[in-house]
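Biologist: I would like a close look at one strand of this model and its surroundings. Please take me through its neighbours one by one.

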Amino acid sequence: MESEGEGFSSENLAFMELAFHQAKLALESLEVPVGCVLVKDGKVIASGRNRTTETRNAARHAEMEAIDVLLEKWQRDGLSKSEVAENFSRCILYVTCEPCIMCAAALSILGIKEVYYGCANEKFGGCGSILSLHSSCSDPLISGEVSQRKGFKCTGGLMASEAVSLLRSFYEQGNPNAPKPHRPLVEKEAA
């Protein structure tokens, strides 16, 4: 694996640092520490952090938070659907962990230009770890909205060890928001 900045520009590193700032805000709020920034024309235009516990909504991942900020802004500005699509096609997302399947599908449908992420998401990753939703959809068996996927360029490994370290610090302390068992676990007796 590449070292922290090897193969990445100083601009890539600077934007990922901003994503890490969002991830640390999530950690301070006892959320899984994932953060992101959306960049258009070299400027950050939205940011997001995980807020699933705070909102009691499992879909409030960092990427969805940032997307919603933009959609609300562009709606207030009176942009048409085609103008919104054009704007997304010029956006680059920097996120500390590989987008999950839900987020990768949303990014593909929106037509985002490019994604840079930190560490892989071996359980839920939608950009190669589990599914490759960043690739253009060519499967004739897939129908409906999913077939509208446009695909996007995706590069992982940007500050990956920092991302892993941040996630590890959250899980090692124990997730205080994890559900408690409804009944005590009973050990089976040996026969």
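Modeller: Take strand β4, which runs parallel to strand β5 (residues 153-155) and is joined to β5 by three bridges. In this pairing, Tyr116 stands opposite Thr155 of β5. Keep in mind that the model is predicted.

Now turn to the other neighbour. Strand β3 (residues 91-97) is also parallel to β4, and five bridges join the two. One residue pair to look at is Leu93 with its bridge partner in β4, Val115. Helix α5 (residues 101-110) belongs here too: β3, α5 and β4 make a right-handed β-α-β unit.

Step back to the whole sheet. Five strands form it, in the order β2-β1-β3-β4-β5. The sheet is open, and its pairing is mixed. At the edges are β2 (43-49) and β5, each pairing on one side only. From one strand to the next, the twist averages 15°. As a general point, strands of a sheet pair through backbone hydrogen bonds, either parallel or antiparallel.

How covered is β4 itself? Strand β4 spans residues 114-119, and six of its six residues are buried.

Follow the chain onward. The loop between β4 and β5 holds Leu131. Leu131 has a relative accessible area of 40%. It counts as partly exposed because that value falls between the 20% limit for buried and the 50% limit for exposed. Leu131 also joins Ile101 and Ile130 in a nonpolar surface patch. Together, these three residues have about 220 Å² of accessible area.

Note on methods:
Residues numbered from 1 in each chain as written. Predicted model: local features only at pLDDT ≥ 70, side-chain atom pairs only at ≥ 80, totals over all residues. Heavy atoms only, no water. Buried < 20%, exposed > 50% of the residue type's maximum accessible area, 1.4 Å probe, protein only. Helix = DSSP H or I, 4+ residues; strand = E, 2+ residues; numbered from the N terminus. Pairing = 2+ DSSP bridges. Right-handed = clockwise from strand over helix to strand, strands pointing away. Patch = residues over 30% accessible without salt bridge, like charges linked within 9 Å, V, L, I, M, F, W, Y side chains within 5 Å. Areas by Shrake-Rupley, 256 points an atom, 1.4 Å probe, with all protein chains shown as cover. Salt bridge = Lys/Arg side-chain N within 4 Å of Asp/Glu carboxyl O. Axes fitted to C-alpha atoms, helices over the stretch in contact; angles between N-to-C directions.
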